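Subject: Structure handover

Hello,

Please find the structure below, followed by notes on what was found in it.

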Amino acid sequence: MKLISKFSKGLHGEIKIPGDKSISHRALICASISDGISRISNLQESEDVINTLNSLKQLGISISKENGSYFVEGKGFKGLKQSENPLYFGNSGTGIRLMSGLLSIQSFSSSLTGDESLSKRPMKRIIEPLSKMGANISGSREDKLPLRITPSENINGINYEMKVASAQVKSAILFASLGSQSNTKIIEQSISRDHTERMFEYFGANISYSEKETTLKNTDKFSPQNIQIPGDFSSSAFFIVAALISKNSNITLREVGMNPSRIALLNKLVEMGGNIRVFNHSSFGKEPVADLNIKSSILNSCEVTSDDVPNLIDELPILFIASSFAEGISSFKEIDELKHKESDRLKAMQDGLNKMKIKNFLDGNVFCIEGMGKNYKLPNFLAETYYDHRIAMSFAIAGLNSNSSIEIASPESINTSFPEFINLGKTLGCNFEIS
Ligand code: S3P
């Protein structure tokens with residue numbers, strides 16, 4: 001299967017963006033360990049989130065759907081039941097890493113697996129802190145999948161200085177800390193997304209957090225909640241850039257998550273000259289949301305520093321596309337973490353940018369892209385995506401500014417985070433076709 005993305009004359013209209021992936025995983029997990037029934041609305045119904053949902057069901061949690069909302073019957077921190085079969089997390093680093101923390105405090109053994117891409121991703125980053133806390137967790141050769149977790153007599157809180165800026169690692173530690181009587185303190189060098197902290201607070205945990213420091217003190221239960229999930233900022237990012245780089249565009253995205261630890265892309269695009277208006281500010285639980293209006297714009301180059309990287313890690317591929325149609329040379333410092341995502345995203349994007357005839361190069365630890373300006377039209381080409389959803393969607397958006405069209409390989413991967421992408425894109429005027 002291929003996705004064909006053709007030149008578009010402009011995007012128009014208004015859409016509601018489906019629920020946030022990071023928050024959906026956390027809502028399901030926190031609801032499952034609360035003491036009672038929680039209701040979740042606007043859950044992201046992507047393959048990644050459904051794999052977490054199915055794993056929780058395999059672990060004895062009853063989850064049903066009524067009138068568009070999910071009802072989760074929580075069983076307390078240690079109330080999960082052993083699964084007969086290995087738990088399968090598909091493509092999802094978030095699902096497997098967060099659940100590893102939680103499974104480390106259960107009184108049964110678990111085996112955790114995933115797809116080919118997840119099987120290549122580094123797990124040492126969670127094995128190391130969880131083992132320090134007393135968990136019995138190991139991977140196969142080189143600390144890769146499958147992960148095996150066996151019961152531990154004693155899980156202790158930890159004082160931990162993060163080695164990589166990763167919300168998944170931070171969250172694995174926080175979930176494991178729910179099984180300990182002692183406190184946990186996590187110090188970060190760069191700020192990573194704080195959805196777990198906000199969700200724990202919402203469920204009544206004894207947690208305090210500032211930009212780079214999180215402390216969880218002993219908490220014996222979560223109270224069930226009503227959770228409304230904000231629209232996914234990372235999904236919105238594709239349409240934000242689409243409207244900025246396509247001529248005659250004016251679109252509105254409703255109820256988008258505006259968590260400050262997620263929206264560095266928005267701030268960068270505004271600095272680059274993007275015409276983006278943020279309005280109707282409100283909040284869903286502890287998470288801020290707003291509506292966005294985006295119009296075609298002439299963009300200047302951007303400078304991404306190492307401190308910016310964790311905040312826009314998932315948006316770097318689409319920011320590379322925006323930079324390709326900007327004026328001047330954009331620079332991105334210390335973006336090595338891109339190599340450890342669903343694919344080696346640096347390599348995947350370099351390949352595609354070369355096919356787009358966009359000059360790009362590595363200068364030490366700085367990646368540079370020479371923008372060709374707003375009027376540049378891409379040659380026809382086939383974009384390889386390495387079965388990576390964000391690579392596929394980035395090139396799909398680039399195709400809107402093509403001479404005629406570009407082809408995108410394995411667009412099925414898009415279902416891992418944004419199954420509605422093609423249809424919502426068409427609603428706005430994207431010329432997408434499946435062949
Ligand atoms: C996520 C954290 C990020 C991000 C991923 C979702 C999360 O990964 O890339 O898509 O929900 O915690 P890392 O924490 O590994 O950087």
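Helices (H or I, at least four residues) and strands (E, at least two) are DSSP runs, numbered from the N terminus. Strand β9 (residues 144-150) contains Pro 146. The peptide bond between Leu 145 and Pro 146 is cis, with omega about -5 degrees. Asp 143, in the loop between β8 (136-140) and β9, has a positive phi of about 55 degrees and is not a glycine. For context, most residues other than glycine have a negative phi, and most peptide bonds are trans.

The model is predicted: local features need pLDDT of at least 70 and side-chain atom pairs count only at pLDDT 80 or more, while totals for chains, interfaces and linings use all residues. Residues are numbered from 1 along each chain as its sequence is written, and side-chain values use heavy atoms, with hydrogens and water left out.

Now the ligand. The residues around the ligand (a heavy atom within 4 Å of it) are Ser 22, Arg 26, Thr 94, Ala 165, Ser 166, Ala 167, Gln 168, Arg 193, Ile 313, Asp 314, Lys 341 and Arg 390. By class, this shell has 3 nonpolar, 4 polar and 5 charged residues; Ala, Val, Leu, Ile, Met, Phe, Trp, Tyr, Cys and Pro count as nonpolar, Asp, Glu, Lys and Arg as charged, and the others, Gly among them, as polar.

Domain 1 (3-19 + 230-434) and domain 2 (21-228) each give at least three residues to the shell around the ligand; the bounds come from an automatic or database domain assignment.

Which polar side-chain atom lies 2.7 Å from an oxygen atom of the ligand? One belongs to Lys 341. An N or O atom in the side chain of Asp 314 is also 2.7 Å from a ligand oxygen. A polar backbone atom of Gln 168 is 2.9 Å from an oxygen atom of the ligand. The ligand taken alone exposes 380 Å², and the protein buries 96% of that (Shrake-Rupley method, 1.4 Å probe).

Regards

Key. Polar contact = N/O pair within 3.5 Å; in protein donor to acceptor, adjacent residues only side chain to side chain.
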